[in-house]
Amino acid sequence: MGKVAFIGAGPGAADLITLRGARLLAQADVVLFDALTDPALRELAPDARWVHVGKRGFCDSTGQAAINALIVRHAREVHLVVRLKGGDPSVFGRLEEELEAVAEAGLHAEVVPGVTAALAAAAGTQRPLTRRGSGRSVSLTTAMTRTGELHASRSADTEVFYMAGKQLGALSRRLRDSGWPADTPASVVSRAGWPDQLHSEHTIAELARASLLHAGRPTVVVVGAGARAVVLERPASQVATSGIVSEDIAPDQGLGQTLRP
Ligand SMILES: C[S@@+](CC[C@H](N)C(=O)[O-])C[C@H]1O[C@@H](n2cnc3c(N)ncnc32)[C@H](O)[C@@H]1O
């Protein structure tokens with residue numbers, strides 16, 4: 001009987017996995033991995049058998065049952081199965097179902113945390129999620145409910161929305177209906193933690209403008225206290241004359257580009 005290690009791969013670049021995760025991954029016989037993880041992670045376990053179980057074909061409940069069955073089948077055959085997940089396994093990662101399947105099969109499990117997208121976005125844009133005085137609580141929310149309906153609330157000083165990238169117009173309306181003032185800052189970050197991270201700044205009233213910029217990329221939306229810039233912006237003369245793109249984060253300080261639509 002083998003063991004199953006659920007390891008958070010972090011939001012992108014392979015060097016954002018934890019040391020503990022990398023060491024355990026190196027011992028894997030089989031790695032079941034998601035679509036979002038960096039292919040460079042394969043170098044950490046070159047002799048393992050890598051099995052892709054990300055999105056295509058596996059995203060509905062039938063797909064989840066198939067993943068659960070794969071985990072259990074492999075764990076009965078080898079010493080160590082790694083279930084490698086994007087970000088942190090405990091955040092919108094279907095960890096509950098997979099832990100249940102492993103426990104029901106009488107197998108041993110271990111969970112290694114990872115850097116979730118909200119934290120990568122905060123780091124990559126240098127916008128702390130908590131702020132002294134104004135930002136004392138943070139919520140991680142998926143805007144999408146099981147029925148596909150969009151949901152938004154005002155439950156924390158900083159709200160980070162996952163899986164809302166395709167419905168920013170609806171999110172804008174729902175946020176205002178939930179009591180957020182129209183001029184509340186919103187920071188939209190796609191591919192946080194990757195070299196091609198994109199970041200755009202909005203008010204929640206204008207959130208829909210971010211749709212095109214971030215289309216087709218994994219995106220989080222930070223609303224409220226944690227969306228505000230900390231550093232004073234550069235004088236206007238240093239912003240690109242198109243008025244659309246400015247690299248307000250120097251390459252040695254942060255990642256990607258900040259876009260102002
Ligand atoms: C199924 S959830 C998985 C979240 C993951 N477990 C985590 O902790 O980040 C997928 C959603 O996470 C967000 N996401 C994942 N990686 C991201 C990244 N690098 N940049 C921005 N958002 C990301 C997006 O909202 C995406 O739709």
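These are my notebook entries on a predicted model of a protein chain with a ligand.

**Ground rules**

I number residues from 1 along each chain as its sequence is written. Since the model is predicted, I read local features only at pLDDT of at least 70 and side-chain atom pairs only at pLDDT 80 or more, while totals for chains, interfaces and linings use all residues.

**Overall look**

I found six helices and twelve strands in the protein chain; helices (H or I, at least four residues) and strands (E, at least two) are DSSP runs, numbered from the N terminus. Next I looked up burial, and 42% of the 261 residues count as buried. For that, a residue needs 20 or more other C-beta atoms within 10 Å of its own; with 12 or fewer it is exposed, in between it is partly exposed, and C-beta atoms are placed from the backbone. I also checked contacts (C-beta atoms, placed from the backbone, within 7 Å). Among those with a separation of 6 or more, 66% join residues 24 or more positions apart.

**Around the ligand**

Which residues are closest to the ligand? I noted Gly 87, Thr 116, Ala 117, Ala 192 and Pro 218, out of 24 that surround the ligand; a residue is near if its C-beta atom, placed from the backbone, lies within 6 Å. The shell divides into 13 nonpolar, eight polar and three charged residues. Here Ala, Val, Leu, Ile, Met, Phe, Trp, Tyr, Cys and Pro count as nonpolar, Asp, Glu, Lys and Arg as charged, and the others, Gly among them, as polar.

Helix H4 (117–125), strand E8 (185–190) and strand E10 (219–224) each supply at least two shell residues, and H4 has the largest share, three. Domain 1 (3–112) and domain 2 (117–259) each give at least three residues to the shell; the bounds come from an automatic or database domain assignment.

**Helix H4 and the core**

I stayed with H4, where eight of nine residues are buried. Among them are Ala 117, Leu 119, Gly 124 and Thr 125. The buried residues of H4 pack against E6, E7, E8, strand E9 (198–203) and E10. Just after H4 comes Gln 126, with a positive phi near 55°.

Then I turned to the largest nonpolar core (buried Ala, Val, Leu, Ile, Met, Phe, Trp, Tyr and Cys residues joined through C-beta atoms within 7 Å). This core has 62 residues, and Val 82 and Val 220 have the most contacts inside it. H4 gives the largest share of this core, six residues. Both domain 1 and domain 2 contribute residues, so the core lies between them. Leaving out residues up to four places away in sequence, I see Val 82 touching Ala 5, Ile 7, Leu 24, Leu 25, Ala 28 and Val 31.

**Strand E7**

Are the residues of E7 buried or exposed? I count five of five, residues 158–162, as buried. Thr 158, Val 160 and Tyr 162 point one way, Glu 159 and Phe 161 the other. E7 pairs with strand E6 (residues 138–142) in the parallel sense over five bridges; pairing takes at least two DSSP bridges. Ser 139 has Glu 159 as its bridge partner. With E10, E7 runs antiparallel, again over five bridges, and Thr 158 is partnered by Gly 224.

**Loops**

Met 163, in the loop between E7 and helix H5 (168–177), is not a glycine, yet its phi is positive at about 60°. Met 163 is partly exposed, with 17 other C-beta atoms within 10 Å.

Notes
Contact = placed C-beta atoms within 7 Å.
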